[in-house]
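Visitor: I'm new here, so please pick one part and take me through it slowly, along with whatever sets the scene for it.

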Amino acid sequence: MTELLTPGELTLAQLRRLAAPDAPQVALDDSCRAGIRASAELVRRATEGDAPVYGVNTGFGKLATKRIAREDLALLQLKLLRSHAVGVGEPLSERVVRLILLLKATSLARGHSGVREEVVDALLALHNRGVIPVIPCQGSVGASGDLAPLAHLCLPLIGEGEALFEGQRMPGAHALERAGLQPVRLGAKEGLALINGTQVSTALALDALLAADRLFESAVIAGALTLDAARGSDGPFDPRIHAVRGQPGQIDCAAAYRSLMVGSEIRKSHLENDDRVQDPYCLRCQPQVMGACLDQMRYAAQVLVREANAVTDNPLVFDGLMVSGGNFHAEPVALVADALAVAIAEIGAIAERRVAMLVDTVVSRLPPFLTPDAGLNSGFMIVHVTAAALASENKSLAHPASVDSLPTSANQEDHVSMATFAARRLQPMLANTAHIVAIELLAAAQGIEFLRPLQSSPALEGVMRLVRSVSPAMMADRSLARDIEAVHHLVATGDIGHATERHIPELHALHLA
């Protein structure tokens, strides 16, 4: 199956398909080709004139006042890619690089960048033939575009740099040859159009957002299982409470929690003669906290889909003119990546508090540290310490990157977004939080064991079976490291949510796409 790309009309659902491990081949909607040709023709005419046009016959950045001779215009673009490919660090994942290729191609295909059709087609050919440019993850400040990483992306287009092909890392020229592709000879402005833009930071943020969507659902389910294990009240999830506040994420989360608890025998067992007046915040304020995180994620999705469809290079072509501006500044991406970082940290923070509550016998009324013979057994004592360590690490990672601008290019680029780091740091935060949620699922499942023969709700019993399929109950101490990793896999892949969604339609309202 081939996925049709219509520039300017990508959706989050489509981006999710394109970011999947089994991503389809892509093809460009032919309706955009006339616009691509028209903008390229304008650039061609500019090369024949005497007027200075930034990016066509001038230097770049602080060197914009330097005129370039007409016979050197093609060499200028070649040197631009070479000089800007100075990234360092580990390569970006193949999944992210494939998405960058598509975002760059569809942005250029909007017809405002002045590149030729063959350049756009060459980017899509790399994707479709499985040539994955090697892009070091560090070296962009997220303004004037993701210059260094995009230069690394595009070197294989001209037969340089490095790429992965069929699982092997090799020179870009070899990868093109093995894939049956020819290098592209860049024309005026094309190198600049390729390395200007926010596609790297946007792809990183989108990749994290899609993972956060899966994580969020698992965290809601884990919180509901903990609520039952702690024999908490479902009163705080009454729809009237949330309706009078009016926050949409909170309303949707409360509905999901209510549905997850329907039919629980554990819940019925303490409707009467329970002397506790109110549960800890980590239980009863789940809709408020998680709902606020969901609203942040929904806003981030709106911004990132807009940016995925945006034209972000410079200068741009409009109505026969070339206009210089600053769409390459990635501040929108930086701010929503920072907001996502805070939301991811909060999802983990409240989950860690629930684990702490479960191991505290005074609050949970379960055996100390969730073990039947505390003292001889330490139970979940140090498992909680691991969750606390991860939650604390997320606090440092959640520090906003966007407020930490450093001027570059001899103060020509005097305010930058730091969007690329803002987005790149989300994946380690997601891994931390997914591990915390995995620990909570293990702890909550252990708590349920002490309430048998009572059954939780049908939906949550399904979660129990899934957890128990990879981790048996722990009634005597053993290492839980492999159990944590096994449940973490269920969280990260979305299997926890998939096992529950068929019983709980309300969970679908929590998905971003």
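Guide: Let's start with a word we'll need: a residue is buried if its relative accessible area is under 20%, exposed if over 50%, and partly exposed in between, using a 1.4 Å probe and protein chains only. This is a predicted model, where local features need pLDDT of at least 70, side-chain atom pairs count only at pLDDT 80 or more, and totals for chains, interfaces and linings use all residues. Residues are numbered from 1 along each chain as its sequence is written, and side-chain values use heavy atoms, leaving out hydrogens and water.

Helices (H or I, at least four residues) and strands (E, at least two) are DSSP runs, numbered from the N terminus. To set the scene, take helix H15, residues 331-359: 22 of its 29 residues are buried, so it is largely enclosed by the rest of the structure.

Now for the close look: strand S6, residues 162-165. Ala163 and Phe165 make up its covered face, while Glu162 and Leu164 sit on the uncovered one. That fits a general habit: in a regular strand the side chains alternate between the two faces of the sheet.

S6 also has partners; strands pair if DSSP finds at least two bridges between them. Strand S4 (residues 132-133) runs antiparallel to S6, joined by two bridges, and strand S7 (residues 168-171) is antiparallel to S6 too, with four bridges. Follow leucine 164: its bridge partner in S4 is isoleucine 132, and in S7 it is arginine 169. Finally, S6 and S7 form a hairpin with two residues between the strands, where glutamate 166 takes a positive phi near 50°.
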